[in-house]
Amino acid sequence: MNTILTIKNLRVEGRPPGGAYVPIVRDVSLSVKKGEVLALIGESGSGKSTISLTAMGFARPGCRIAKGEVWLNGRDIMQIPPAERHALRGDEVSYVAQSAAASFNPALRIGRQVIEAPLWHGRADASSLTQQAKTLYRKLDLPNPDTIGDRFPHQVSGGQLQRLMAAMAMSCSPDLLILDEPTTALDVTTQVEVLKAFKGIIHDQGTAAIYVTHDLAVVAQVADRILVLKNGEIVEEGATEQILHEPQHDYTKTLMAAVRPAPHLLPQPAPAAETPPPVLSARNVTAAYGAVTILHDVSVDVPKGSVVGVIGESGSGKSTLARVIAGLTPLKKGTVTLEGQTLPHNVKDRGRQTLQDCQIVFQMADTALNPRQRIRDILGRPLEFYKGLKGQKRSERIAELLELVDLPPSFASRYPGELSGGQKQRVNLARALAAEPKVILCDEVTSALDTVVAAGVIELLKSLRDRLGISYIFISHDLSTIADFADQIVVMQEGRVVDQGPAEQVFRPPYHPYTKLLLTSVPKMRQGWLEEVQAGRDATPSHLVQG
Amino acid sequence: MSDTPDVSIQQTSTLSRLRLTWTAAIAGFILLIWILLAVVGPWIAPHGEAEIISPQTFAPIGEGGILGTDKLGRDVLSRLIYGVRTTLSLALITTIITFVFGVALGFAAAILKGGFDIVVSRIVEAFMAFPSTMLALVVIGAFGTSQTVLVLTVGLVMSTSVFRVSRALGYDIGVMDFVEAARARGEGTWWILTREILPNCMAPLIAEFGLRFTFSILFLSGLSFLGLGVQEPAADWGLMVQENVGGLFLGSSAALIPAACIASLTVSMNLLVDWFQQRQQGETVLEKIDE
């Protein structure tokens with residue numbers, strides 16, 4: 001009998017403030033054996049995090065476990081008193097949250113936080129626990145395992161913090177580990193390290209684990225079995241091999257189809273015709289926030305009707321580049337030209353025509369739309385502002401715009417809060433399209449979206465390019481998306497352009513070392529990839545990996 | 001490519017959508033009565049504002065008037081009813097002045113930033129360093145005690161804290177992506193302020209308005225008690241407490257009744273603000289207990 005967790009007929013309900021309860025999770029049953037990794041996948045809102053939390057007998061505020069049994073180590077933890085259930089957490093079952101940066105207390109040293117749970121459960125005294133923690137740090141490949149516990153959370157990188165959080169979760173040697181999107185917030189290069197560390201430690205300790213994610217490629221690396229969820233119900237369950245290669249259910253097939261081919265599986269493209277003259281061009285741009293220089297001497301050309309993809313890890317200056325071109329961040333040196341005209345550095349000094357021709361779309365659709373304005377007003381304002389459309393004409397054009405981004409015209413009277421993430425991102429795009437620009441700067445527009453929704457947005461961008469001849473600067477850290485969509489690629493690292501050229505050249509050998517590092521870090525949809533990468537890395541001289 | 005189905009819009013009455021808790025309902029009821037009295041007071045008050053109805057001063061409840069008489073033999077009930085109007089209207093005007101100054105300067109500082117922000121913030125901090133009652137005493141002492149001076153002084157003194165709140169709100173919301181998007185579109189400062197920032201500050205500002213209103217009632221009553229606020233023969237609750245405080249030793253309740261009225265007004269206002277704030281943040285405490 002080595003089943004650690006069994007959940008039977010689980011039903012979780014939630015309610016809006018002051019509202020009535022509605023079911024979030026319906027009739028879900030699952031079980032996890034010792035040493036097994038079960039992955040829960042699905043879009044946001046599919047209830048995957050909610051299910052993972054119930055494994056601790058916990059529901060978020062405003063939610064309740066309405067029905068069902070949760071058997072952990074042979075007892076139904078929904079039947080035991082809350083105090084006993086509380087004692088289980090961190091002892092028999094522990095949890096790794098999505099954002100380690102938000103979960104660590106910034107005022108306390110890391111070591112103290114890592115050993116907090118076993119200390120609280122009275123497992124051992126502080127000094128012996130610290131020794132155990134150091135062993136864990138070593139297993140997780142953390143640098144300076146003997147001293148890293150003395151640092152504060154802001155003194156280590158995001159990937160290290162995520163691994164430290166795993167150390168915290170493992171410090172009680174729990175029987176069940178819950179990992180809630182632990183690598184979603186990380187760059188691809190960091191993700192590889194963290195995945196490897198997770199996989200190693202789960203294997204070493206023989207812990208059962210629930211891995212929650214929406215990234216199928218990640219799942220392929222770590223999971224033994226996969227549970228596909230949609231709208232709080234189980235769609236399909238099976239071994240990783242089977243789900244990845246022979247999905248049975250239509251929804252699972254859609255999910256698989258939305259995954260883009262890895263960059264170097266791209267077919268050989270036809271040699272490009274002569275590049276048209278650039279519509280937008282940034283020359284030798286240097287920008288800084290105070291004394292910190294973010295961009296060093298960056299030059300980018302956007303030919304008419306083409307897509308320039310900008311890739312790089314977070315902190316490489318991608319977003320700053322877009323902001324400089326839009327005039328939101330002042331540049332120190334260099335010029336930005338639009339159709340041959342040099343643009344003033346500050347957005348305030350630019351003419352209305354220039355502003356109209358170059359639109360920016362922000363990453364977070366949640367914050368980019370004013371929550372107090374109806375969609376009608378959000379889309380209507382640029383129409384009024386740039387084109388002076390009023391009354392009947394304005395509302396007709398709004399309906400056209402909504403149709404353009406595949407939204408029903410009835411959405412005009414809604415507030416952004418009444419839309420889903422993908423719908424908001426479409427409105428966000430429609431607002432840029434309302435100006436009928438020549439260039440759109442897309443700053444990570446698909447990063448916050450689920451695979452299926454993101455694929456829809458990319459399709460939309462493509463069709464707009466083909467129909468309206470719009471050019472894009474498409475900023476992303478997701479290489480698969482860029483490889484599929486962009487004509488030209490700019491690879492950035494620490495504020496400098498390290499590689500630049502047509503997509504087929506950048507993504508084909510011989511690679512620039514940094515591009516190669518990025519490429520090899522994108523998880524593949526097949527099992528065993530992680531081990532191959534690791535073997536490859538160990539053979540590569542380290543100076544190349546460092547870039 | 002399917003998105004989530006239509007969000008169903010709940011068809012409920014206006015009253016139930018307010019999600020009033022019972023504390024808020026009681027507080028709202030009390031406030032409504034006071035406001036009603038302020039409007040129709042002169043027609044239903046049994047006697048005039050300064051009319052002496054009895055030779056007996058500090059008459060107990062039931063003798064002379066329904067609520068007794070004050071130190072000059074005037075009807076306490078009538079003065080109370082006339083006093084609502086003075087107390088509420090002065091407090092309202094003061095709070096409006098507070099907000100016009102505080103919000104305008106606060107948002108200006110948040111948007112213009114730089115030199116303007118530094119200068120205004122330091123001046124405001126200098127004013128905040130003085131105890132507000134002291135500051136008001138000095139100004140009123142220098143300019144005399146007219147209602148105009150009173151309202152302006154209290155309004156300006158209290159606007160310092162509203163300035164801090166709105167400056168912080170302005171800074172917070174001014175860096176949101178939708179404000180950046182408006183800036184990238186080329187919108188002017190006025191549009192950004194009135195259409196993008198202000199609507200998103202309304203909830204905290206309304207809550208702040210309720211609080212400031214309460215404080216200004218207390219502040220004005222306090223000044224009246226010190227003899228620097230509303231002058232006799234006009235009726236004001238704070239003034240009534242001060243006039244009749246001597247009667248306490250004679251067993252008269254003429255000072256206690258207006259004091260209780262001030263308390264009912266401020267407590268109700270606070271309850272309403274609490275309810276509003278919690279409702280904006282999600283669930284109210286009582287709704288959670290209900291669970």
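Is B:Cys261 buried or exposed? B:Cys261 has 8% relative accessibility and so counts as buried. Buried here means under 20% relative accessible area, exposed means over 50%, and partly exposed lies in between (1.4 Å probe, protein chains only).

This is a predicted model, in which local features need pLDDT of at least 70, side-chain atom pairs count only at pLDDT 80 or more, and totals for chains, interfaces and linings use all residues. Residues are numbered from 1 along each chain as its sequence is written, chains are lettered from A and ligands numbered from 1 in the order in which they are written, and side-chain values use heavy atoms, with hydrogens and water left out.

Stay with the cysteines for a moment. A disulfide is a covalent bond between the sulfur atoms of two cysteines. The rule asks for a pair of cysteine sulfur atoms within 2.5 Å. Over all chains, the count is zero disulfides. A:Cys442 is in no disulfide, and the nearest cysteine sulfur, that of A:Cys358, is 11 Å away. A:Cys442 is buried, at a relative accessible area of 0%.

Now take chain B as a whole. Its secondary structure comes to eleven helices and zero strands. Helices (H or I, at least four residues) and strands (E, at least two) are DSSP runs, numbered from the N terminus. Along its principal axes, the C-alpha trace of chain B spans about 85 × 50 × 30 Å. Chain B has 291 residues, and 46% of them are buried. Contact means heavy atoms within 4.5 Å. Of the chain B contacts between residues at least 6 apart in sequence, 72% join residues at least 24 apart.

Next, the interface. On the chain B side, 26 residues are in contact with 32 residues of chain A. The size of an interface is often given as the accessible area lost when the parts come together. That buried area is the accessible area (1.4 Å probe) that two parts lose on being put together, summed over both. Between chain B and chain A it is about 2600 Å², and carbon and sulfur atoms give 50% of this.

What are the polar links? Nine residue pairs are in polar contact across the interface of chain B and chain A, both residues being at pLDDT 80 or more. A polar contact is a pair of N or O atoms within 3.5 Å; within protein, one must be able to donate a hydrogen and the other to accept it, and residues adjacent in sequence count only if both atoms are side-chain atoms. Two elements of chain B, helix H7 (177-185) and helix H8 (189-225), give two or more residues to the side that touches chain A. H7(B) gives the most, with seven residues. The residues on this side of chain B divide into eight nonpolar, five polar and 13 charged. Ala, Val, Leu, Ile, Met, Phe, Trp, Tyr, Cys and Pro count as nonpolar, Asp, Glu, Lys and Arg as charged, and the others, Gly among them, as polar.

Look at H7(B) itself. Eight of its nine residues are buried. Among them are B:Phe178, B:Val179 and B:Glu180. Just after H7(B), B:Gly186 takes a positive phi of about 100 degrees.

Salt bridges run through this region. A salt bridge is a side-chain nitrogen of Lys or Arg within 4 Å of a carboxyl oxygen of Asp or Glu. The count is 33 over all chains, and two between chain B and chain A. B:Glu180 meets A:Arg323 in a salt bridge (2.7 Å, N to O). B:Glu180 also meets B:Arg183 (3.0 Å, N to O). Why can these two pair within one helix? B:Arg183 and B:Glu180 are three residues apart in helix H7 of chain B, so they are separated by about one helical turn. B:Glu180 is buried, at 9% relative accessibility, whereas B:Arg183 is partly exposed, at a relative accessible area of 26%.

At the end of H7(B), B:Arg185 and B:Glu187 form a salt bridge (2.5 Å, N to O). Both residues are buried. They belong to a salt-bridge network with A:Asp377, A:Arg381, A:Glu384 and A:Arg394. In helix H8 of chain B, B:Glu208 and B:Arg212 lie four residues apart, about one turn of the helix. Their closest N and O atoms are 2.9 Å apart in a salt bridge. B:Glu208 and B:Arg212 are both buried.
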